[in-house]
Amino acid sequence: MTVSEGSTDTTICSGCGMSAAKQMVCGGCGVVQPLTREVDYFTTFALPRSLVIDLEDLQQRYYALSRQLHPDLLHDRSPAEQTAGLRATALVTRAYRTIKDPVQRGLYWLSLHGESLGRDNERVPPELAATVFEVQEKLEDLRAVRDGGAANGVRSEVEAVRGELGCRMDDVTRRLHDNFATTDRNAAGGTGQPNDLAETKAILSELHYLKTLVRDVDKELEAA
Amino acid sequence: MERIVGIDLGTTNSLIAYLDDEGPRVIADRATGRASVPSVVAFRPDGSNIVGDEARALVGNPDTTTIQSVKRFMGLGEEHLTDSDRGQYAFAGGDQAGAVLRFQVGDRAISPPEVSALILRELKRRADEALGDPVTRAVITVPAYFNDSQRQATKDAGRLAGLKVLRLVNEPTAAALAYGLDSMTEGSVAVYDFGGGTFDISILKLERGIFEVKATNGDTRLGGDDIDASLSEWFLAGAGLPTELASTREVQALVRRAAEDAKCRLSSADETEMEVTLADGGRYARVLSRSEFDAVIAPVIERTLGPCRQALKDAGMTPSDIDEIVLVGGSTRIPLVRTRVEALFERAPHCELDPDQVVALGAGIQAGILSGRKKDMLLLDVVPLSLGIETMGGVTTRLIERNTTIPTGVVDTFTTAVDKQTAVDVHVLQGERELAADCRSLARFSIPIEPATAGFPRVEVTFMIDANGILNVTARDVRTGQERSVDVKPSYGLTDEEVERMLEESIDFAEEDVTARLLAEARTEAEGMLRHTERTLRDAAERLGEGEAEQIRGSMAVLRDLLTGTDYNEIREQIDRLNELSTPLAQRIMSDAIKGSLERKSASDVV
């Protein structure tokens with residue numbers, strides 16, 4: 001690893017190395033700022049700010065941009081252009097990662113509309129309270145038998161719970177997609193600003209939480 | 001134009017390749033016709049060294065110190081050594097924690113990058129001869145699962161060998177390039193790369209020349225070496241060698257060698273005799289059947305399957321989503337390996353390309369991509385391990401998740417916990433574990449700040465991972481707006497000063513004038529810079545701001561003037577200044593590229 005600072009580094013460019021990287025993530029200051037001000041993650045791919053997107057089409061757009069900006073294809077350019085290509089590629093990659101995942105996309109879309117899950121994000125969504133309790137209990141059992149020796153019964157119970165969580169995730173994902181479609185229509189029809197985002201937020205929050213839960217269960221299953 | 005070469009710097013064997021009009025080709029040794037150089041270095045008592053086949057023949061010779069599998073030691077510190085490592089080699093020791101390890105060779109202490117550099121020099125010599133021009137720029141492959149320190153160590157080795165390392169490419173990705181170009185396959189491909197000392201699994205999506213890595217996993221200390229070790233153990237348990245003999249380094253090396261040979265024979269034979277003849281003429285042997293061999297090595301093969309499952313999971317795939325499996329690395333010649341891989345992925349693996357050459361061929365293709373010879377292919381690789389920092393309570397806070405496509409960057413802001421702190425300490429970590437102590441320490445550094453009440457200072461730290469998977473960190477005190485210098489000590493790595501010193505001390509460079517070489521390098525870079533900038537000014541005339549062209553041209557004129565002189569430091573500084581001046585223009589060109597593609601897309605959407 002190398003650590004550099006300000007003007008001492010020539011590969012990652014000086015001075016604006018900082019501000020440009022900042023821009024890439026949070027829309028900061030300096031020379032490259034026009035890029036972010038005009039181009040959010042959706043417009044990076046020439047897409048409208050809609051919640052429903054065609055993933056195949058998004059990927060083609062991502063590949064097309066990469067072919068123009070990737071540092072590997074800029075080796076015959078000046079170091080400044082190579083550095084700019086590096087940053088632009090990093091931005092595009094980040095945008096792609098965010099937009100292609102429905103939950104990340106939803107959260108990002110909310111942030112563009114000045115909204116966020118806020119403190120609701122930290123609380124267990126009410127729809128999930130019972131499930132969370134049950135899962136934690138099962139995981140507790142699993143940990144107990146793991147320390148004391150193998151017990152396949154508990155493991156298969158946890159696996160069953162994992163299966164149920166998977167189905168539930170699929171179900172909530174479907175609801176999210178339906179809601180995305182409705183929200184897009186509302187936004188397009190009215191003032192350009194969607195009216196009620198409470199349901200979108202609730203579904204996003206539920207899915208977000210489910211994902212965390214599934215990750216925990218998988219981790220315990222792996223360890224067992 | 002001078003060619004860029006691709007190098008497979010392997011644990012057991014190394015190869016060098018390049019791309020010509022007909023495709024990638026490996027450069028064989030002119031004298032012997034052999035394609036690969038065994039990655040073995042032997043040091044004679046007088047300090048001179050031998051690389052390759054001749055060095056391999058000296059393994060077990062008590063008059064020389066031979067180092068094999070040096071790749072396993074790249075980027076490591078003493079605390080990472082196993083008992084078996086210590087049984088095999090003598091280490092210099094005595095260094096403090098976080099220092100790079102060094103082999104004890106006679107009265108010298110030699111770091112792994114220096115040993116690797118000797119192998120690279122041998123490869124470079126071959127290429128210089130074959131291509132007629134000295135080669136100075138290279139692509140080098142590394143295991144996908146190599147961490148930052150291991151990557152950095154590989155770059156250092158290149159530099160020590162007099163090569164500018166333009167790019168590190170992950171070995172399975174390189175293999176996929178060679179395979180993809182050869183077969184014109186599209187779809188999901190799993191590359192199972194089981195080499196001499198490392199194991200990687202990568203899952204890629206191939207589509208119209210884009211090679212997108214979806215997930216990668218592996219073990220940088222698992223390979224054919226472990227199979228040899230298991231076989232050696234099996235041999236020593238029943239061959240009747242007296243214990244006091246069996247524990248010497250020379251005999252261990254001979255047994256290893258015998259294990260390696262027996263393993264290779266069993267890839268086709270059903271039974272073989274593993275035998276060792278000692279220096280005193282004593283002969284020991286044991287018959288090994290294929291089924292016994294399978295039983296001995298099964299635990300090693302088993303260890304490759306966990307990473308395969310994890311990679312599939314990270315890619316969001318099941319075995320049935322994989323269209324093709326490509327086998328890479330000498331260890332995939334073992335029939336049991338093929339059986340297990342076939343069972344896991346539920347399909348027969350491909351092995352049309354020579355598993356020993358496919359990585360080098362891919363490195364040659366990537367070299368062609370970088371030089372502009374190959375324009376229709378592009379790699380989108382990932383970072384194999386998560387990166388983060390240590391936060392309160394010794395916990396790892398992840399900033400970049402594993403399998404994130406690179407290049408990528410992230411910014412985070414830190415503050416202080418104590419009043420009037422004059423610095424913020426940042427401990428950079430790599431790995432998947434929750435506790436900082438369980439992750440790999442990449443670096444520690446301290447950012448000086450303006451003292452203030454706790455919680456007030458804001459230090460912005462930017463992590464940027466380049467296409468090589470190497471991390472760059474920059475830092476800024478937000479409150480004062482000052483860019484602060486960061487003092488960093490890379491863990492288990494050589495500092496720039498050490499590399500410089502080694503270069504100056506190395507025998508080959510002592511013969512030439514170091515200053516002359518540095519001047520020549522600076523001039524070449526300056527000329528390239530002038531050429532590129534001229535082109536940019538011409539192509540981007542309409543994007544130039546007021547007075548911008550004049551400023552840039554002024555700076556170019558100064559650089560041209562300096563070229564007539566002999567001060568390489570001045571030339572370098574002027575290159576930096578010109579670079580800084582042309583940066584805003586370059587950034588506008590890149591933003592326009594994004595917007596340009598946007599307009600074209602919208603237009604085609606309308607149609």
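Here are four short exercises on chain B, each with a worked solution.

This is a predicted model, in which local features need pLDDT of at least 70, side-chain atom pairs count only at pLDDT 80 or more, and totals for chains, interfaces and linings use all residues. Residues are numbered from 1 along each chain as its sequence is written, while chains are lettered from A and ligands numbered from 1 in the order in which they are written.

**Exercise 1. The whole chain**

Work out whether the radius of gyration of chain B agrees with that of a compact globule.

Start with the rule: 2.2 Å times the number of residues to the power 0.38, with the radius taken over C-alpha atoms. For 607 residues this gives a value near 25 Å, and chain B has 26 Å, which agrees. Next, picture the box that the C-alpha atoms fill, roughly 85 × 65 × 60 Å along the principal axes.

**Exercise 2. Two domains**

Find which elements of domain 1 of chain B touch domain 2 of chain B with two or more residues.

First, locate the domains, whose bounds come from an automatic or database assignment: domain 1 covers 5-183 + 354-377 and domain 2 covers 387-480. Their centres, over C-alpha atoms, are 32 Å apart. Then look at the contact (C-beta atoms, placed from the backbone, within 7 Å): seven residues come from domain 1 and eight from domain 2. On the domain 1 side, the elements sought are helix H4 (148-160) and strand E11 (164-170); these are DSSP runs, helices being H or I with at least four residues and strands E with at least two, numbered from the N terminus. H4(B) gives the largest share, four residues.

**Exercise 3. A helix with a buried face**

Explain why the buried residues of H15(B) line one face of the helix.

Begin with the buried residues (20 or more other C-beta atoms, placed from the backbone, within 10 Å of their own; exposed means 12 or fewer, partly exposed in between): Met556(B), Leu559(B) and Leu562(B). Seen down the axis, they fall within an arc of 115°, so they line one face; the arc is that of the directions from the helix axis to the C-beta atoms. On the other side, Glu550(B), Ala557(B) and Asp561(B) are exposed.

**Exercise 4. One loop residue**

Decide whether Ile27(B) is buried or exposed.

Find Ile27(B) in the loop between strand E3 (23-26) and strand E4 (37-38). Now count: 21 other C-beta atoms lie within 10 Å, so Ile27(B) is buried. Beyond its neighbours within four places in sequence, its contacts include Tyr18(B) and Arg126(B).

Methods. Two residues are in contact if their C-beta atoms, placed from the backbone, lie within 7 Å.
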